[in-house]
Amino acid sequence: MLYEHIIEGTEDFNSKNCIGTGGYGTVYKAELPTGRVVAVKKLHPTQDREMVNLKAFKSEIQALADIRHRNIVKLYGFCSCSENSFLVYEFMEKGSLRNILSNKQEAIEFDWILRLNVVKGMAEALSYMHHDCSLPLVHQDISSNNILLDSEYVAHVSDFGTARLLKSDSSNWTSFAGTFGYIAPELAYTSKVDNKTDVYSFGVVTLEVIFGKHPGELILSLLSSMSSSSSSPSTVYHLLLNEEIDQRLASPVNQVAEEVVVVVKQALRCLHANPQSRPTMRQVCQELSRQWPPLSKPFSMITLGELLGHGGETS
């Protein structure tokens with residue numbers, strides 16, 4: 001019966017019901033007879049599905065089957081058969097974080113408090129995956145496209161096709177996975193799965209939330225300055241935070257400004273070139289939930305260098 005409801009709800013996977021495309025499938029919106037709206041990811045019908053797409057399909061089921069967390073998308077069920085293979089998830093009304101940030105009107109409605117809560121939600125989800133699951137779970141593809149928001153702007157991590165459960169032995173090696181622009185630099189020379197790669201990706205997405213765009217050039221400058229033997233501070237250290245944040249919003253004030261500073265400081269720690277120097281997601285959550293003293297200087301005068309530990313303290 002449920003299978004028939006999915007076919008009817010998507011109108012046999014009619015393109016007019018398509019709401020996006022994932023790494024290995026197309027996502028459709030479907031309304032069930034009960035009135036519940038769900039998202040349905042249907043595998044791409046390709047010849048090599050058995051090797052590539054089916055592996056991702058099974059990885060996603062394995063990863064989500066036993067997970068229950070408010071910041072991780074719920075998997076309601078799946079179907080695997082020769083005609084149609086698909087997964088059924090809860091529907092996220094606001095869509096992806098990337099789409100919201102790329103739409104001017106939606107980005108303006110996505111205010112500082114909502115953005116800070118999205119960052120905290122992502123951190124909680126990753127901390128749960130890394131530290132509270134029976135076997136640690138590494139996502140491997142955290143990006144603004146894979147963070148979905150519900151009607152209340154609550155963040156949900158999605159798209160677990162590349163996720164891996166970490167075994168206690170040393171056999172945690174994987175083929176290259178992730179989205180360019182969010183991939184940790186060490187993956188250029190190693191294939192070992194580690195939760196510190198998720199930490200790096202979290203840092204990128206967090207800056208994207210606060211800056212309103214992907215922080216590509218800034219990250220390149222940071223990484224090059226970290227690896228440089230020069231003792232003189234890089235020009236990136238002198239950049240004012242107030243000029244880097246999303247200019248479509250008014251500058252944050254009072255406690256919100258303090259939280260923005262803390263969030264950016266944590267994101268920069270997550271982007272350290274050395275994986276062992278990055279915090280764990282549990283540590284990030286602890287820092288984001290702390291009560292911080294007022295800023296010691298006006299928000300408009302804080303530089304990125306101060307948040308990186310160069311040039312004084314801000315609180």
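Which residue in E3 stands opposite Ala 30? The residue is Val 38, and this pair is a good place to start looking around. Keep in mind that you are viewing a predicted model. The points below go from the sheet to the cores, then to the aromatic rings, and end with a few single residues.

**The sheet and its strands**

- Five strands form an open sheet in the order E1-E2-E3-E5-E4, and their pairing is antiparallel.
- Two strands stand at the edges, E1 (18-21) and E4 (75-80); each has a single partner strand, so one side of each is left without a neighbour in the sheet.
- From one strand to the next, the twist averages 20°.
- Strand E2 covers residues 25-31 and strand E3 covers residues 37-43; they pair in the antiparallel sense over seven bridges.
- E4 and E5 also pair in the antiparallel sense, over five bridges.
- To find this second pairing, look for Leu 75, which stands opposite Tyr 89 in E5.
- A hairpin of four residues joins E4 to E5.
- Helix H2 (residues 53-64) lies across E3, E4 and strand E5 (85-90), and runs at about 35° to E5.

**The nonpolar cores**

- Here is a general idea to carry with you: in soluble globular proteins, nonpolar side chains tend to be buried together.
- In this model the largest nonpolar core has 81 residues.
- The residues with the most contacts inside this core are Phe 110, Leu 149, Phe 160, Phe 202, Ile 210, Leu 241 and Val 264.
- Helix H5 (residues 112-132) gives the largest share of this core, eleven residues.
- Val 264 makes a nice close-up: leaving aside residues up to four places away in sequence, Val 264 touches Leu 207, Ile 210, Leu 241, Leu 304 and Leu 307.
- Another core lies apart from the largest one; this other core has eleven residues, among them Ile 6, Ile 7, Phe 13 and Val 88.

**Aromatic pairs**

- A pair of aromatic rings is described by the distance of the centres and the angle of the planes.
- The count of aromatic pairs in this model comes to five.
- The ring centres of Phe 13 and Tyr 28 are 5.2 Å apart and their planes stand at 65°, so this pair is edge-to-face; the label applies because the angle is over 60 degrees.
- Phe 13 lies in the loop between helix H1 (2-9) and E1, while Tyr 28 lies in strand E2, so the pair ties together parts that are 15 residues apart in sequence.
- Both Phe 13 and Tyr 28 are buried.
- Phe 57 and Phe 78 are edge-to-face too, because their ring centres are 6.3 Å apart and their planes are at 85°.
- This pair links distant parts of the chain, with Phe 57 in helix H2 and Phe 78 in strand E4, 21 residues apart.
- Are these two rings buried or partly exposed? Phe 57 counts as buried at 2% relative accessibility, whereas Phe 78, at 47%, counts as partly exposed.
- Ring pairs also link Tyr 3, Phe 13, Tyr 28 and Phe 86 into a cluster.

**Charges over rings**

- The charged end of Arg 36 sits over the ring of Tyr 76, at 4.8 Å from the ring's centre.
- Phe 13 appears again here: Lys 42 lies over the face of Phe 13, 5.4 Å from the ring centre.

**A few single residues to look up**

- His 130 is found in helix H5, and with a relative accessible area of 5% His 130 is buried.
- Not counting residues up to four places away in sequence, His 130 touches Pro 136, Leu 137, Asn 195, Asp 198 and Met 281.
- Most residues other than glycine have a negative phi.
- Glu 11 has a positive phi, near 55°; Glu 11 lies in the loop between H1 and E1 and is partly exposed, with a relative accessible area of 40%.
- Tyr 153 also has a positive phi, near 65°; Tyr 153 lies in the loop between strand E8 (147-149) and strand E9 (155-157).
- At 13% relative accessibility, Tyr 153 counts as buried, because the cut-off for that word is under 20%.

Key. Residues numbered from 1 in each chain as written. Predicted model: local features only at pLDDT ≥ 70, side-chain atom pairs only at ≥ 80, totals over all residues. Heavy atoms only, no water. Pairing = 2+ DSSP bridges. Axes fitted to C-alpha atoms, helices over the stretch in contact; angles between N-to-C directions. Contact = heavy atoms within 4.5 Å. Core = buried A, V, L, I, M, F, W, Y, C linked by side-chain atoms within 4.5 Å. Buried < 20%, exposed > 50% of the residue type's maximum accessible area, 1.4 Å probe, protein only. Phe/Tyr/Trp six-rings, centres within 6.5 Å; stacked < 30°, edge-to-face > 60°. Lys NZ or Arg CZ within 6 Å of the ring centre and 35° of its normal.
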